[in-house]
Amino acid sequence: MQQQQQPKKQRSESIVSIKEKKVRDLMVNKKRLVEVPYTASLAHTMNTLMANKVTAVPVAAPPGQWIGAGGSMIVECDKQSKTARKHYIGMVTMLDIVAHIAGDDDDHLSGGDDDNGVTNDLDQKMNVSVSSIIGHSFEGLSLWTLNPNTSLLDCMELFSKGIHRAIAPVNGEMENVSSGVELVEAASSYQMLTQMDVLKFLKDNAGDELQNILARSVHDLGADTEMIYAITHSTRLVDAIKCLKSAMLNAVPIVRASDLHEDDRKQLINGRCRKLIGTFSATDLRGCYLATVKSWLGISALAFSEEVATSPLFTASDTERSESSRRELVTCYAESPIHDVIDKLVTKHVHRVWVVDQEGLLVGVVSLTDVIRVIRHSLLSVSDDQ
């Protein structure tokens, strides 16, 4: 009888160990926060994103002069005097920049190779200050923060709702703060915690019970969906940018479609059960010189996604370019175990995996949000059964 009860005891200890983890446990090897000043141009901001290999940065401004996104008052203070040095007024992501490039006028980007108006317009748009575009996307509207004493499960709850990143005080500086989720005090420095950080932590610290959860199939995630926003192989880059903005999506699959109407090339379609041939992501634009974007506005998004990996107009190093040139479609099947999806998300450093059938037809998508949500739900369910 004692031997029969042992596995249950081991499962319980595994759950307890995960539930005892805090946000500070995930921040041990994180670098100091990458940020940009509110006066930085969008061109400078894109260079910062590329140099630091990140997809979003908080915007810092002088204290007392701004109302932060969502009314936040996240302040960095001098460690000795406690005097406020800067105020984080919001977050700017590549999607914000893409939305700004797309603009509100359907005709302001024609995508023609000889259109000087396009060139001049893009130059002007990238010269504006970063503070002027805060709020173009959901993430820019609210600056999320995490208490370092927040439990991993509570942190996962935040990220399971589609929040991609949050900032937290540097480990060791907030010992006296209560264990609630939100941060309410200033700190001398911060770090960024992302969905990917949580997923990597779970992958590296998966106990026996978590391994059982990760052995479940992708089908359990509910990833097989009836509607999957996509663009076609003939959609131009300029129109793909507008599609990302219109739906506030960070990425869309590129599908092959026949017998298309002209309008289909300029708008999102349902990509379900169409042949998956590529991915267009807002982050693809991050690695491009401004001149590259201007010269490629008229080509297809598919051609752009293929050329951006190998072109000398891409700002990556030779090593990074060589790795990017081997970039492949990141896919899985509905029957694939969740741990396979996590491996692909982490090793390929992507935020979504496309679900395809045996013929390569698109049937769904699994995002970081989906994976974190199902793992958290399963952990809580197993804990309740103990």
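In what order do the strands of the open sheet of 4 strands lie? To find out, select β7, β8, β9 and β10: the order across this open sheet is β9-β7-β8-β10, and the pairing is mixed. Two strands are said to pair if DSSP finds at least two bridges between them, and helices (H or I, at least four residues) and strands (E, at least two) are DSSP runs, numbered from the N terminus.

Before going further, note that this is a predicted model, in which local features need pLDDT of at least 70 and side-chain atom pairs count only at pLDDT 80 or more, while totals for chains, interfaces and linings use all residues. Residues are numbered from 1 along each chain as its sequence is written, and side-chain values use heavy atoms, with hydrogens and water left out.

**First stop: the sheet and the helix across it**

Colour β9 (269-270) and β10 (275-281), which are the edge strands, each pairing on one side only. Then select β8 (residues 251-256), which pairs with β10 in the antiparallel sense over 6 bridges; for one bridge to look at, show Val-252, whose partner in β10 is Phe-280. Now add helix α10 (residues 237-247), which lies across β7 (229-232), β8 and β10 and runs at about 75° to β10. Axes here are lines fitted to C-alpha atoms, for helices over the stretch in contact, and angles run from 0 to 180 degrees between N-to-C directions.

**Second stop: helix α4**

Keep α10 on display and select α4, since the two helices pack at an angle of about 115° with their axes 8 Å apart. The contact (heavy atoms within 4.5 Å) is made by Leu-95, Val-98, Ala-99, Ile-101 and Ala-102 of α4, and by Ile-241, Lys-242, Leu-244 and Lys-245 of α10.

How many residues of helix α4 (residues 94-102) are buried? The count is 9 of the 9, so α4 is largely enclosed by the rest of the structure; buried means under 20% relative accessible area, exposed over 50%, and partly exposed in between (1.4 Å probe, protein chains only). Among these buried residues are Met-94, Asp-96, Ile-97 and His-100.

Look next at the two ends of the helix. At the start of α4, a side-chain oxygen of Thr-93 reaches to within 3.2 Å of the backbone nitrogen of Leu-95, and α4 is followed by Gly-103, whose phi is positive, near 70°.

**Third stop: strand β6 and helix α8**

Select Thr-194, which is found in strand β6 (residues 190-194) and is buried, with a relative accessible area of 18%. Leaving aside neighbours within four places in sequence, Thr-194 is in contact with Phe-159, His-164 and Arg-165.

Move on to Gln-195, whose place is in helix α8 and which counts as buried at 4% relative accessibility. With neighbours within four places in sequence again left aside, the contacts of Gln-195 are Phe-159, Gly-162, Ile-163, His-164, Leu-368, Thr-369 and Ile-372. Extending the selection to the whole of α8 (residues 195-204) shows that 7 of its 10 residues are buried, so this helix is largely enclosed by the rest of the structure; Met-196, Val-198, Leu-199 and Phe-201 are among the buried ones.

**Last stop: salt bridges**

The structure holds 10 salt bridges, a salt bridge being a side-chain nitrogen of Lys or Arg within 4 Å of a carboxyl oxygen of Asp or Glu. Select Glu-35 and Lys-86, whose closest N and O atoms are 2.7 Å apart in such a bridge. Why does this pair tie together parts that are 51 residues apart in sequence? Glu-35 lies in the loop between α2 (23-26) and β1 (36-37), whereas Lys-86 lies in strand β4 (residues 84-93), so the bridge links those separate parts. Glu-35 is partly exposed at 23% relative accessibility, and Lys-86 is partly exposed at 21%.

Turn to Arg-85 and Glu-76, whose side chains meet in a salt bridge of 2.8 Å, N to O. Arg-85 counts as partly exposed at 38% relative accessibility, whereas Glu-76 is buried at 3%.

For a further pair, show Lys-161 and Glu-157, with their closest N and O atoms 3.8 Å apart; Lys-161 is exposed at 62% and Glu-157 partly exposed at 30%. Finally, select Arg-32, Glu-35, Glu-76, Arg-85 and Lys-86 together, which salt bridges with shared partners join into one network.

Methods:
A polar contact is a pair of N or O atoms within 3.5 Å; within protein, one must be able to donate a hydrogen and the other to accept it, and residues adjacent in sequence count only if both atoms are side-chain atoms.
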